[in-house]
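This report walks through selected local features of a single chain, taking individual buried and partly exposed positions before the packing of the core. The chain is shown below.

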Amino acid sequence: MRHARRRIVRRVARLAAVGGLLLGGTMVTRAVASEPPHAPAAPRTSAGPASGTGGALVDRLGASRTAGHWIGSDGRPVVAVTDAGAAGEVRRAGAEAQVVAHSMTELKSAASALRSAPRVAGTAWALDYRSNAVVVRGDSTVSGADWARLTRVAEGIGGFVRMERTEGAFTTRLNGARPILSTAGRCSAGFNVTDGKSDFILTAGHCGPTGSVWFGAGGGDRQLGTTVAGSFPGDDFSLVAYEGGRAGDGAGVVAVGDGKGVRITGTGEAAVGQRVFRSGSTSGLRDGQVTALDATVNYPEGTVSGLIQTNVCAEPGDSGGPMFSEGIALGVTSGGSGDCAKGGTTFFQPVTEALTSLGMRMIVSSPDGSGQRAAPPAAAGAPGTASPGTPAQVTGLDGATLLSRLTDRRNVGPGLLVIAGSLIALAGTRWLRAEQDRKAYRRYYSATWG
């Protein structure tokens, strides 16, 4: 009876092991099929030339005859002009002209007047090229008296200054896009940059002052580096020097979650109407459009100007994370209002301004992943059809541990673990059977020969 039970147990174990081999093989096959070794490059659009055409026309016609440019819904450049002559020049250049009442000179003069007024925390304003207005927003923290006072200032400037209340509060997003930790809280790494001798992390200035020490997210026991330069308020960028001086493999890739990344291939200026992507350690990869430029935000900590305004959501901990489009670095996350459940407004420090101020160059990857280098500026993507950029595996900053790669169901690791476990179980049952046969033979031999 006891021998019969042992045979049943061995047979069940062998069947389970064989089933595990089949299951593991299926898991590996599916993982390989879902992860082609050569991911196709992201589709390109004509947004770069469109934005460049609009910018060139604005530069040529001047601030008194134009009021900004943007990318239309069809991908064509649109230029706001103040007279029929300028409109004709724009159309002859192949762009669309929109005649408006107020020039860029007037819009910037209005923004300057708002900056000269008494500061009210919780307010923000930006140049809305498409509506030919300066839009002033006040969050839920602004009192009725302060809002009335600022409204009187706006009315004194002119009717093209529009006042709007918004839900939530304008805050910095301190709590890409990998989490970095210090005593001040949690932020997100932005882009890797270099001065030609050492490598650095470009992130938000409000994340921590010069001297702040940063650690990786894996238990917070690995020191990444120290903040060596930055600007906040006024601007919102800072520079973290790597502890070992080098960013390591994958320095030209930004993380977008699930062990995936996007290759950064250049830097550029954001354009109104452009579709953009943001990555952060709290909310991952999100997308939206640039809605205004040259935005000013009165955070509780101070005023920051010259920001990119978008409708991409962000949450605490996303501060410093990268904003990009089609692999072109555009900005680092500064702050905003709302969250990713109900949406909101998010502001970004332009990356080109930060690099110029710090004397740094972006570390970028070749689109095919063949190497990394420091790159010159490039144009960025269009509305609607733009993509984040060329996909890549994330290996920089913290990197994925062997265990996390093996247990990620999107990789071949889980299948390999099942196969290995099944082989061990199968070998174990065969060893037990051989050991039992050997003992039975010894007992028979002893009984027969004494």
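## A buried glycine in a loop

In this predicted model, Gly268 has a relative accessible area of 4% and is therefore buried, although its place is in the loop between strand S17 (266–267) and strand S18 (275–280). Gly268 and Ala329 are separated by 61 residues in sequence, yet their C-alpha atoms are 6.3 Å apart in space.

## Two buried hydroxyl side chains

Ser279 is placed in strand S18, where its relative accessibility of 1% makes it count as buried. A polar atom of the Ser279 side chain lies 2.6 Å from the backbone oxygen of Ala255.

Thr123, in strand S4, also has a relative accessibility of 1% and counts as buried. Two polar partners can be named for the side chain of Thr123: a polar atom of it lies 2.7 Å from the backbone oxygen of Val120, and it makes a polar contact with the side chain of Asn298 at 2.8 Å. Leaving aside residues up to four places away in sequence, Thr123 touches Arg137, Gly138, Val142, Leu150, Phe170, Thr296, Val297 and Asn298, so that Asn298 appears both in this list and as the side-chain polar partner.

## The nonpolar cores

Which members of the largest nonpolar core touch the most other members? Among its 33 residues, these are Val134 and Val161. Two or more residues of this core are contributed by each of strand S1 (66–71), strand S2 (77–81), helix H4 (104–116), strand S4 (123–128), strand S5 (133–138), helix H5 (144–157), strand S19 (284–299) and strand S22 (328–339). H4 supplies the largest share, with five residues.

The surroundings of Val134 can be listed in detail: not counting residues up to four places away in sequence, Val134 is in contact with Leu107, Ala110, Leu114, Trp125, Ala126, Leu127, Phe160, Val161 and Arg162. Another core, of 22 residues, lies apart from this one, and its members include Val193, Phe324, Met360 and Met362.

## Helices H4 and H5

The axes of H4 and H5 come within 10 Å of each other and cross at roughly 150°. Angles over 145 degrees count as roughly antiparallel, and the two helices H4 and H5 are therefore roughly antiparallel to each other. The crossing in which H4 passes H5 is right-handed.

At the place where the helices meet, Ala110, Ala113 and Leu114 in H4 face Leu150, Val153 and Ile157 in H5 as contact partners. An α-helix has 3.6 residues a turn, so residues three or four places apart point the same way. Ala110 and Leu114 of H4 are also among the residues that touch Val134, and Leu150 of H5 is one of those that touch Thr123.

## Helix H3 and its ends

Helix H3 (residues 84–92) has several buried positions, namely Ala86, Ala87, Gly88 and Val90. At the start of H3, a side-chain oxygen of Asp83 comes to within 3.0 Å of the backbone nitrogen of Gly85, whereas just after H3 Gly94 adopts a positive phi of about 90°.

## Backbone geometry in loops and strands

Two residues other than glycine have a positive phi near 55°, namely Asn132 and Asp294. Asn132 lies in the loop between S4 and S5, and its relative accessible area of 8% means that it is buried. Asp294, by contrast, is found in strand S19 and, with a relative accessibility of 29%, counts as partly exposed.

Where is the cis peptide bond with omega near -10°? That bond runs from Phe232 to Pro233, and Pro233 lies in the loop between strand S13 (223–231) and strand S14 (237–242).

## A partly exposed strand residue

Val213 is found in strand S12 (residues 213–215), and at 31% relative accessibility it counts as partly exposed. Val213 and Leu224 are 11 residues apart in sequence, with a C-alpha to C-alpha separation of 7.8 Å. The contacts of Val213, not counting residues up to four places away in sequence, are with Leu181, Ser182, Gln223, Gly225 and Thr226.

Terms used. Residues are numbered from 1 along each chain as its sequence is written. This is a predicted model: local features need pLDDT of at least 70, side-chain atom pairs count only at pLDDT 80 or more; totals for chains, interfaces and linings use all residues. Side-chain values use heavy atoms; hydrogens and water are left out. A nonpolar core is a set of buried Ala, Val, Leu, Ile, Met, Phe, Trp, Tyr and Cys residues joined through side-chain atoms within 4.5 Å. Buried means under 20% relative accessible area, exposed over 50%, partly exposed in between (1.4 Å probe, protein chains only). Helices (H or I, at least four residues) and strands (E, at least two) are DSSP runs, numbered from the N terminus. Contact means heavy atoms within 4.5 Å. A polar contact is a pair of N or O atoms within 3.5 Å; within protein, one must be able to donate a hydrogen and the other to accept it, and residues adjacent in sequence count only if both atoms are side-chain atoms. Axes are lines fitted to C-alpha atoms, for helices over the stretch in contact, and angles run from 0 to 180 degrees between N-to-C directions. Angles under 35 degrees count as roughly parallel, over 145 as roughly antiparallel, 65 to 115 as roughly perpendicular and the rest as oblique. A crossing is left-handed if the near helix is turned anticlockwise from the far one by less than a right angle, and right-handed if clockwise.
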